[in-house]
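User: I should like a close look at one part of this protein, namely the strands and the nonpolar core of one chain. Please set that part in its wider context as you explain it.

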Protein chains: 2
Amino acid sequence: MKLASLKAGGRDGTLVVVSKDLAKATKVPEIAATMQLALDRWSDVGERLRSVYDKLNGGEIADAFELNHADLAAPLPRAYQWCDGSAYLSHAELVRKARGAEMPESLYSDPLIYQGGSDQMIGPRDDIVLADEGWGIDLEAELAVITDDVPMGITAEEAVGHIKLVTILNDVSLRLLMPAELAKGFGFFQSKPSTAFAPVFVTPDELGDAWDGRKLSLPLVSHVNSELLGRPDAGVDLNFDFPTLVAHATKSRSLGAGTIIGSGTVSNRDRSVGSSCLQERRMIEKIETGEIKTPFLKFGDVVRVEMMDKTGTSIFGPIEQKVVRYERPAV
Amino acid sequence: MKLASLKAGGRDGTLVVVSKDLAKATKVPEIAATMQLALDRWSDVGERLRSVYDKLNGGEIADAFELNHADLAAPLPRAYQWCDGSAYLSHAELVRKARGAEMPESLYSDPLIYQGGSDQMIGPRDDIVLADEGWGIDLEAELAVITDDVPMGITAEEAVGHIKLVTILNDVSLRLLMPAELAKGFGFFQSKPSTAFAPVFVTPDELGDAWDGRKLSLPLVSHVNSELLGRPDAGVDLNFDFPTLVAHATKSRSLGAGTIIGSGTVSNRDRSVGSSCLQERRMIEKIETGEIKTPFLKFGDVVRVEMMDKTGTSIFGPIEQKVVRYERPAV
């Protein structure tokens with residue numbers, strides 16, 4: 001099953017069931033008006049949504065409409081909990097080296113998660129709007145899972161069943177704001193602007209045997225201005241799988257329905273597959289040639305993040321965003 | 001005007017207008033069913049809610065009921081953005097010293113804010129439920145403001161008008177989980193469990209001349225097991241006022257309606273007024289006598305946080321919480 005949110009309908013958008021080929025959609029107000037309302041009552045509405053999905057794929061929904069991806073908000077346009085991990089340590093090693101930061105030994109045994117901001121998630125075709133090109137604008141292509149209500153203090157084995165939906169995202173990062181912000185000791189705020197999401201969330205069964213209940217073993221493909229940046233396999237070199245991240249997040253709290261748990265930037269140790277962010281490529285250039293050639297994103301640049309199944313079909317639809325200068329609205 | 005949320009009515013509770021003396025309340029489904037819905041349409045509903053408030057105080061609401069504070073959720077039971085500051089540097093200096101952390105020079109000129117978790121805010125009489133007494137359980141008594149929609153990149157002067165509501169809170173902290181978590185470099189997650197809020201949010205006009213548009217100059221009073229912990233004045237030794245914190249948070253993002261911006265633990269350099277958390281008192285004991293006498297919170301301990309106006313009347317109502325051992329529900 002694939003689910004999305006139209007921008008139309010208010011701050012939380014309008015929930016739509018999307019066809020497997022991402023071409024058609026239908027509203028489901030009689031089941032749930034918004035994605036959050038569906039997640040709040042997942043055990044009641046999940047099967048009803050699936051029944052609509054089956055009919056939509058079978059061409060049996062009379063009022064199904066052609067889906068224009070530019071009409072889509074993030075599947076959860078605003079969320080209550082966005083907890084991002086840093087589960088690919090080859091990424092952590094490279095970007096920390098780039099900013100001259102330590103790589104604490106604990107990172108190899110204890111998952112690193114951080115609290116993201118979730119009041120303004122942006123859609124798959126929304127611009128990346130920022131005031132200053134000099135902040136070191138970068139993409140970070142990631143995977144994420146979405147949970148139902150998760151009790152406090154569960155194990156990774158128990159977490160498996162709480163993963164209800166899967167997606168990909170672009171965790172936009174401002175590399176040159178990070179050193180000063182992280183030096184203050186309490187993590188990111190200004191250096192992590194709004195995160196962009198793929199057109200749809202999908203249920204794990206859509207992923208076939210690429211999903212083993214704990215990780216998704218397919219390449220995540222990133223382009224900048226139509227040039228391939230990388231296609232690392234999300235199932236390779238993952239130091240902490242999703243149930244482990246979910247369990248880690250529950251040590252001292254329960255998690256509300258609709259919690260989004262991210263993997264962190266997908267990264268493989270095999271450098272021939274490229275990277276999911278520019279900072280990694282820049283660091284590899286420096287290590288290999290002594291010189292950084294790749295710039296950060298500039299106004300007008302376009303990033304594209306996508307994941308295809310084994311037949312080459314896009315699972316989540318592409319995230320395709322242009323970097324645009326922020327202009328203050330006239331008062 | 002004073003506003004609260006009953007636990008009854010679902011995940012977002014039920015919005016009620018509360019009388020000035022915090023004794024009576026009335027539901028307002030014809031105006032807004034929940035606090036978030038009111039904040040989403042504040043410019044439309046603010047005056048209508050105020051009209052109900054005036055009638056409630058005048059005894060003109062026929063179906064007003066006696067308000068039992070144990071029936072209250074946090075005024076925003078789940079929020080989209082909880083951005084906490086660390087604006088009282090006397091607190092930052094003491095707690096960083098306690099965990100052997102640096103006090104970067106930048107903290108004296110650049111506000112420190114961090115991204116809090118907001119999917120499960122807890123009510124003023126809710127227990128602090130945690131699995132392990134050995135985590136260094138501490139209270140942190142703070143102030144917070146709640147905003148409407150705030151554009152990206154505004155100035156502190158522009159931020160003043162976006163502050164719609166004010167409250168107090170207990171930002172429960174797990175001191176002994178912090179050193180290892182902060183060493184990983186990306187801030188708090190496990191070491192900051194659910195935050196508890198006062199019974200009500202109030203509009204700034206309720207604060208009289210104690211509120212100057214930028215800060216609230218009244219003592220914030222904290223007790224542990226009926227013993228006074230401290231009563232520092234929230235208007236004293238505040239290094240960064242609320243509009244400055246709001247503006248800082250908008251550098252690379254807009255803020256959604258219902259954003260909560262916290263002051264960080266209220267702390268004065270005058271040690272005779274005591275502290276708003278145990279860690280400060282412990283550090284002062286160590287500095288003054290070489291020996292820490294005050295323990296962290298234990299199961300069964302009760303904390304109380306409150307703020308009175310100049311006539312001694314409670315403005316927000318008390319936060320009164322017992323620390324309780326978490327028991328996993330039977331599967």
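Analyst:

**The strands and core of chain A**

Chain A has an average pLDDT of 96, and 100% of the residues score at least 70. The model is a predicted one, and its scores are ipTM 0.97 and pTM 0.97.

We may begin with the regions recorded for this chain. An unreviewed UniProt entry lists residues 1–78 of chain A as "domain: Fumarylacetoacetase N-terminal". In the model this span is 28% helix and 21% strand, with its end C-alpha atoms 21 Å apart. According to the UniProt annotation, also from an unreviewed entry, residues 82–323 of chain A are covered by "domain: Fumarylacetoacetase-like C-terminal". That span is 17% helix and 24% strand, and 23 Å separates its end C-alpha atoms.

Let us now turn to the strands. Strand β10 of chain A, residues 163–170, is mostly covered, for 7 of its 8 residues are buried. Which strands pair with β10(A)? One of them is strand β9 of chain A, residues 141–147, which pairs with β10(A) in the antiparallel sense over 7 bridges. Within this pairing, Ala141(A) is found opposite Asn170(A) of β10(A). Another is strand β12 of chain A, residues 196–197, which is antiparallel to β10(A) and is paired with it over 2 bridges. Here Asn170(A) appears again, this time opposite Ala196(A) of β12(A). Asn170(A) thus stands opposite Ala141(A) in one pairing and opposite Ala196(A) in the other. In a regular strand, side chains point alternately to the two faces of the sheet.

A further group of strands involves β17 of chain A, residues 302–307. Strand β14 of chain A, residues 220–224, runs antiparallel to β17(A), and 5 bridges join the two. In this pairing Leu220(A) has Met307(A) of β17(A) opposite to it. β17(A) also pairs with strand β18 of chain A, residues 319–325, in the antiparallel sense and over 4 bridges. There, Val302(A) has Lys322(A) of β18(A) as its bridge partner. β17(A) is therefore joined both to β14(A) and to β18(A), where pairing requires at least two bridges between strands.

These strands lead us to the nonpolar core. The largest such core has 72 residues, and the residues with the most contacts inside it are Leu143(A), Leu216(A), Met307(A) and Phe316(A). Helix α6 of chain A, residues 242–249, contributes the most to this core, with 4 residues. Met307(A), already met opposite Leu220(A), is one of the residues with the most contacts in the core.

What does Leu216(A) touch, once residues up to four places away in sequence are set aside? Its contacts include Leu143(A), Met307(A) and Phe316(A), which are named with it among the best-connected residues of the core. Leu216(A) also touches Val166(A), Leu207(A), Ala210(A) and Trp211(A), as well as Asp233(A), Ala234(A) and Gly235(A). Apart from this core lies another, of 71 residues, which includes Ile113(B), Leu218(B), Leu278(B) and Val323(B).

For the wider context, a residue in a loop of chain A is instructive. Arg78(A) lies between β4 (65–66) and β5 (82–85) of chain A. Is Arg78(A) buried or exposed? Arg78(A) counts as buried because its relative accessibility is 7%, which is under the 20% limit. Its side chain makes a polar contact of 3.0 Å with the side chain of Asp12(A). A polar contact of 2.8 Å also joins the side chain of Arg78(A) to that of Asp40(B). Leaving out residues up to four places away in sequence, Arg78(A) touches residues of chain A, including Arg11(A) and Ser118(A), and residues of chain B, including Gln36(B) and Tyr80(B).

Two loop residues of chain B offer a contrast in exposure. Ser86(B) is located in the loop between β5 (82–85) and α3 (89–98) of chain B, and it counts as buried because its relative accessibility is 9%. Beyond its neighbours within four places in sequence, Ser86(B) is in contact with Ala92(B), Leu112(B), Ser263(B) and Gly264(B). Thr311(B), in the loop between β17 (302–306) and β18 (319–325) of chain B, counts as exposed because its relative accessibility is 64%. The side chain of Thr311(B) makes polar contacts with the side chains of Asp309(B), at 2.6 Å, and Thr313(B), at 3.0 Å.

How values were computed. Residues numbered from 1 in each chain as written. Chains lettered and ligands numbered in written order. Predicted model: local features only at pLDDT ≥ 70, side-chain atom pairs only at ≥ 80, totals over all residues. Heavy atoms only, no water. UniProt positions renumbered as here; feature names shortened; annotations may be inferred. Core = buried A, V, L, I, M, F, W, Y, C linked by side-chain atoms within 4.5 Å. Buried < 20%, exposed > 50% of the residue type's maximum accessible area, 1.4 Å probe, protein only. Contact = heavy atoms within 4.5 Å. Polar contact = N/O pair within 3.5 Å; in protein donor to acceptor, adjacent residues only side chain to side chain. pLDDT = per-residue confidence, 0-100.
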